Amino acid sequence: MAANRVDLLLLLLEIEMDRRRFLTLAGTAGAVGLRSPISRAWAAAGGVAPSVSGALRPLARRHPLGVPEVVSAADLTLAARPATVDIGRGATEAWTLNGALPSPTIRVRRGERASILLENSLPEPTILHWHGLDVPEAADGHPRLAIATGDSYQYDFTVEDRAGLYWYHPHTHGRTGAQTYQGMAGLIVVEDDEESALGLPSGELDLPIVLQDKRLGDGTSLAYERSMGPDVMYGYLGDTAVANGVVDGTVEVHRTGYRLRLLNASNARVFELGLSDGRPLTLIGTDGGLLERPVTLDRIMMGTGERADVLVDFSSMEPGERVYLRSFEFQIPGMMGMMGGRGMGGGGMGRGRGMHAMMGGLPQGAAMDLVEFVASDAPAETARPASDVLSSVPRIELESGAPRRTFRFESAMMQHTINGRSFEMERVDVRVPRGQPERWIIENTSGLPHPVHIHVGQFQVLARAGGRNRVMPWETGLKDTVLVWPEERVEVGVHFRTHRGLFLMHCHNLEHEDMGMMLNFEVE
Ligand code: C2O
Ligand code: CU
Ligand code: CU
């Protein structure tokens, strides 16, 4: 405890100093129109953070990437219970839904009814939330609806959302981090006619992947052991990538075009995604479904909770050739000292303990390989290019006089707050009229990144000032989570058109959320 306290104080001091150093840099550089060396580098690289490539070596032992079990939403029972699972290195205890890791993938067509019974056989209360879906209040998994051990909860709703990748996870107040980390998280794939008509890669060429990091060291334990220091400040960062519940996951791919549907379901880890050989990613969709047009990118940055729907062309690979879906090294403005100062970047071998263990996992921004793709020796087939026009994205039209509200995300003295307050279960923080579009301004005045999530449907990112200073290419569609770096101010257009009731806005760094970086808004 005493050691923890010292660690904690040192950490607070360091964060504060990093923040000041950043502010000083920002101030000086501002005079010549540049915010900081980091944002200059961002700008020079076309908005992509500078990275160190080739730092990772293929790992010797690889495990076939599991494809999660697919279930229908029509009459589904999800039993929350401890179970023994295999994460590739051997058996381990997890908290699961129906014994599966990751949780089963729910496949549903737009317009279909979902009838889902949650049964709680965990030793503590739980409740599930359908992240990104526009569902009624009673189906949204607000923490006040958490059910005790032995109880069950019935969800009934119609899936009105656009085709795309959504997901589900627990939302128990103070325990979302623990329950999600220990294994409860699954995908929801929504399909519709518009999307089916596009002829996107399907069947085994459509590969949904749940990306996470876990703190495994060389072992297998998924136990969530949060310290009072760094884990509370930075969130629960891991040291090992886990994809679809498997460590060192590998997939044998046909030499043709694939659709990879990626979810960052980590507790706190931000990914700077790319392919190890520089092969481009064609982004076709994000949180709220398809983009208007495909966009070709080398890198996509994903905060926790965000999704990326990408096409990848493996047709030029030689049989047996390997390529890695990698999170490249990056630096967080405002946290510069953390990477450089401690010399913890370390080439990101993904295996180090020592300092990393003490600090709790690899630092934010460390490189890690997430999935290996090995080309099969079947004949190559030309990948079908994505069609030029994918969809029409419903825009949120804001009049100049639209109501605006500001939300300041702050982290100081081991507290994570919004507008200076921490979450209270029954307090209504904001009242929003239904059907009236509004401009919400999210300010990050802390030295930490905050992926900000708003419940009950999708919003539109309108502008970003400070930091990266623009709307990123992967933020042009509909979004339910937006990553806000230190010193950034992001404007989003929200429009709650369907359901009245009490919903949440929070940081999707699950430790920040659990510590109270969350508020209630009432749609009236
Ligand atoms: Cu994915 Cu309120 O959460
Ligand atoms: Cu959500
Ligand atoms: Cu946060």
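**Salt bridges, cores and a copper site**

Arginine 110 is partly exposed in this predicted model, with a relative accessible area of 41%. Its side chain meets that of aspartate 192 in a salt bridge of 3.7 Å, N to O, and the two partners come from distant parts of the chain, 82 residues apart, with aspartate 192 in the loop between strand S10 (186-191) and helix H4 (193-196) and arginine 110 in the loop between strand S5 (105-109) and strand S6 (113-120). Aspartate 192, at 8% relative accessibility, counts as buried because the limit for that class is under 20%.

This pair belongs to a structure in which a search finds 31 salt bridges. Another joins aspartate 480 to arginine 307 at 2.7 Å, N to O; since aspartate 480 lies in the loop between strands S29 and S30 and arginine 307 in strand S20, the pair ties together parts that are 173 residues apart in sequence. Aspartate 480 is buried at 0% relative accessibility, as is arginine 307 at 3%, and both take part in a network of salt bridges with Asp287, Glu306 and Lys479.

Turning to nonpolar residues, the largest core has 42 members, among which Leu211, Val371 and Phe373 touch the most others, while strand S22 (residues 368-375) gives the most to this core, with five residues. A second, separate core of 29 residues includes Tyr153, Tyr155, Ile188 and Val190.

The copper ion (ligand 2) has His129 and His453 as its protein donors, each through NE2, lying 1.9 Å from it. Histidine 129 in strand S7 and histidine 453 in strand S27 are 324 residues apart, and both are buried, histidine 129 at 1% relative accessibility and histidine 453 at 0%.

Terms used. Residues numbered from 1 in each chain as written. Chains lettered and ligands numbered in written order. Predicted model: local features only at pLDDT ≥ 70, side-chain atom pairs only at ≥ 80, totals over all residues. Heavy atoms only, no water. Donors = N, O, S within 2.8 Å, 3.2 Å for Na, K, Ca; no water. Helix = DSSP H or I, 4+ residues; strand = E, 2+ residues; numbered from the N terminus. Buried < 20%, exposed > 50% of the residue type's maximum accessible area, 1.4 Å probe, protein only. Core = buried A, V, L, I, M, F, W, Y, C linked by side-chain atoms within 4.5 Å. Salt bridge = Lys/Arg side-chain N within 4 Å of Asp/Glu carboxyl O.
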